[in-house]
Amino acid sequence: MNCGKAKDLLQAYLDGTLEPTGRLAVEGHVAGCPGCRGELVQLERLLLAIESLPRFSAPERVVARTMAAIAPRFRPTPRSRLVGWAINGGGLMAVLTGLIVVLTSAGEAGEALAGLTLDQDNPFALIDSLLAVAASMELTFVAGMALLLSAGYLTLVQLVTTPGTEMRTS
Amino acid sequence: MVPVDDRLVEAAREDPQAFADLIRQHQDHLYNFLYRMTGNREDAEDLAQETFVRVFRALHRFRAGSPFKPWLYKIAVNLAINHYHARKPTAPLLDELPSGSTFTSPELMAELRETQRDLRRALLELPEQYRAILLLRHLNELSYEDIAGTLEVPVRTAKVRLHRARKMLQARMFGAQKASDHELRESERPAPSLS
């Protein structure tokens, strides 16, 4: 192998893309040729220098700036819109049902609440009174309250998360 | 198993949070590539943001299952080249510590710093297409296939272009060194007598 051919193959040799026979031929030539050996070492150092260039972390604001720039382009998909309506509709129904149930069954609980006693000398009196209120509540009242709380929770979840959006392509 | 990129890209079509995760996944590599392309951190940041905005706008055209990286870098390379035409890069003035260096010897550290300063300058002097291919391969460690995909050329062409880029950089780096060695020898020579 002459120097011209060897120099042509040095990069492929460094890339590890030479066939074993070509590799051996380059190694054989380089071992006996200081000029080509120098060229190989120089090239190797150069590539190592690029690979060891300092790396930096991108500023975190790249994410924030990008997301701010594309925010107007997100809009709900038809599917997510349907899901949103279903959740909102379900939530509204639950709120209404809960309100009706609570209003119709709150009478007895109200009376019990009115009878709450605050006795500073006996801290257990308040607990006893509260237990009495709980005992006087009807199952329907408790169910109504549970419905109201669930509906409130669902609404919060719906407000906080933004399920399913798509890009505006125009 | 579906690659992370595929899952994120698929989700990012509908979910802003997934798109933010996709940015986080690639932003450091992209930022470093753009920094070495432009030689300026502010420009790199602006271009990284613009790249991601363009990715987002074109996400509906991205073919599921095809590699994401070449597509991302294709957009970045085009933006960096357009930026280059609008405003030529300048050599960074800030000193940089070599990456991952654990040299205890101050001389070795100083030597490496100097080499890298020359390298940064030489890189910025290269034509932008050659600078891009060198960085894609040796800084961002893209495969030949991904480089070919990024530059939209056959793999063979990408290899030929990379070899040419290395030779150009080598000539700029070590050609300059030879010249400065020559100048040094000349300066050490006794001044010719005027008599």
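**Exercise 1. State how confident the predictor is in chain A of this predicted model, and identify a stretch where pLDDT stays under 50.**

Solution. In this predicted model, chain A averages a pLDDT of 76, and 69% of its residues score at least 70. The next step is to look for a stretch of low confidence: over residues 162-170 of chain A the pLDDT stays under 50, and for this stretch the model has 30 contacts beyond four places in sequence.

**Exercise 2. Describe the secondary structure, burial and contact range of chain A, and then do so for chain B.**

Solution. Begin with the elements of chain A, which has seven helices and two strands, arranged from the N terminus on as α-α-α-α-β-α-α-α-β. Of the 170 residues in chain A, 14% are buried, and among contacts between residues at least 6 apart in sequence, 75% join residues at least 24 apart.

Turn next to chain B, where there are eight helices and zero strands, so that the order from the N terminus on reads α-α-α-α-α-α-α-α by the DSSP runs. Buried residues account for 32% of the 195 residues in chain B, and residues 24 or more positions apart provide 63% of the contacts with a separation of 6 or more.

**Exercise 3. Work out how helices α3 and α4 of chain B are oriented, and which residues bring them into contact.**

Solution. First take the geometry: the axes of α3(B), residues 41-58, and α4(B), residues 68-86, come within 9 Å and cross at roughly 135°. Because that angle lies outside the range of 65 to 115 degrees and is not over 145, the pair falls in the remaining class, and α3(B) is therefore oblique to α4(B). The handedness of this crossing is right-handed.

Then list the residues: from α3(B) come D43(B), L47(B), E50(B), T51(B), R54(B) and V55(B), and they meet L72(B), I75(B), A76(B), L79(B), A80(B) and H83(B) of α4(B). Sorted by character, the residues of this contact comprise seven nonpolar, two polar and three charged.

**Exercise 4. Place A132(B) in its chain and decide whether it is buried or exposed.**

Solution. A132(B) has its place in helix α6 of chain B. Since burial requires 20 or more other C-beta atoms within 10 Å, the 26 C-beta neighbours of A132(B) inside 10 Å make it count as buried. To see what surrounds it, set aside the neighbours within four places in sequence; A132(B) is then in contact with M37(B), V77(B) and A80(B), the last of which also takes part in the contact of α4(B) with α3(B). A further distance relates A132(B) to A76(B): although these residues are 56 apart along the chain, their C-alpha atoms are separated by 9.9 Å.

**Exercise 5. Characterise the contact between chains A and B, and examine the helix pair α4(A) and α3(B).**

Solution. Count the residues on each side to begin with: the contact takes 38 residues from chain B and 31 from chain A. On the side of chain B that touches chain A, at least two residues each are supplied by α2 (16-38), α3, α5 (106-125), α6 (128-138) and α8 (155-188), and α2(B) gives the most, with 10 residues. The residues of this side divide into 18 nonpolar, 11 polar and nine charged.

Now consider the helix pair, in which the axes of α4(A), residues 61-70, and α3(B) come within 9 Å and cross at roughly 40°. An angle under 35 degrees would count as roughly parallel, whereas α4(A) and α3(B) are oblique to each other, and their crossing is right-handed. V62(A), R65(A), T66(A), A69(A) and I70(A) of α4(A) make the contact with E45(B), A48(B), Q49(B), F52(B), V53(B) and F56(B) of α3(B); these residues divide into seven nonpolar, two polar and two charged.

**Exercise 6. Describe the backbone and surroundings of E141(B) and E152(B), each with a positive phi.**

Solution. Recall as a starting point that most residues other than glycine have a negative phi. E141(B), which is not a glycine, has a positive phi of about 55° and is found in the loop between α6 and α7 (144-151) of chain B. With 10 other C-beta atoms within 10 Å, E141(B) is exposed.

E152(B) likewise has a positive phi of about 55° without being a glycine, and it lies in the loop between α7 and α8 of chain B. Its 10 C-beta neighbours inside 10 Å mean that E152(B) counts as exposed.

Definitions and conventions
Residues are numbered from 1 along each chain as its sequence is written. Chains are lettered from A and ligands numbered from 1 in the order in which they are written. This is a predicted model: local features need pLDDT of at least 70, side-chain atom pairs count only at pLDDT 80 or more; totals for chains, interfaces and linings use all residues. Axes are lines fitted to C-alpha atoms, for helices over the stretch in contact, and angles run from 0 to 180 degrees between N-to-C directions. Helices (H or I, at least four residues) and strands (E, at least two) are DSSP runs, numbered from the N terminus. A crossing is left-handed if the near helix is turned anticlockwise from the far one by less than a right angle, and right-handed if clockwise. Two residues are in contact if their C-beta atoms, placed from the backbone, lie within 7 Å. Ala, Val, Leu, Ile, Met, Phe, Trp, Tyr, Cys and Pro count as nonpolar, Asp, Glu, Lys and Arg as charged, and the others, Gly among them, as polar. A residue is buried if 20 or more other C-beta atoms lie within 10 Å of its own, exposed if 12 or fewer, and partly exposed in between; C-beta atoms are placed from the backbone. pLDDT is the predictor's confidence in each residue, from 0 to 100.
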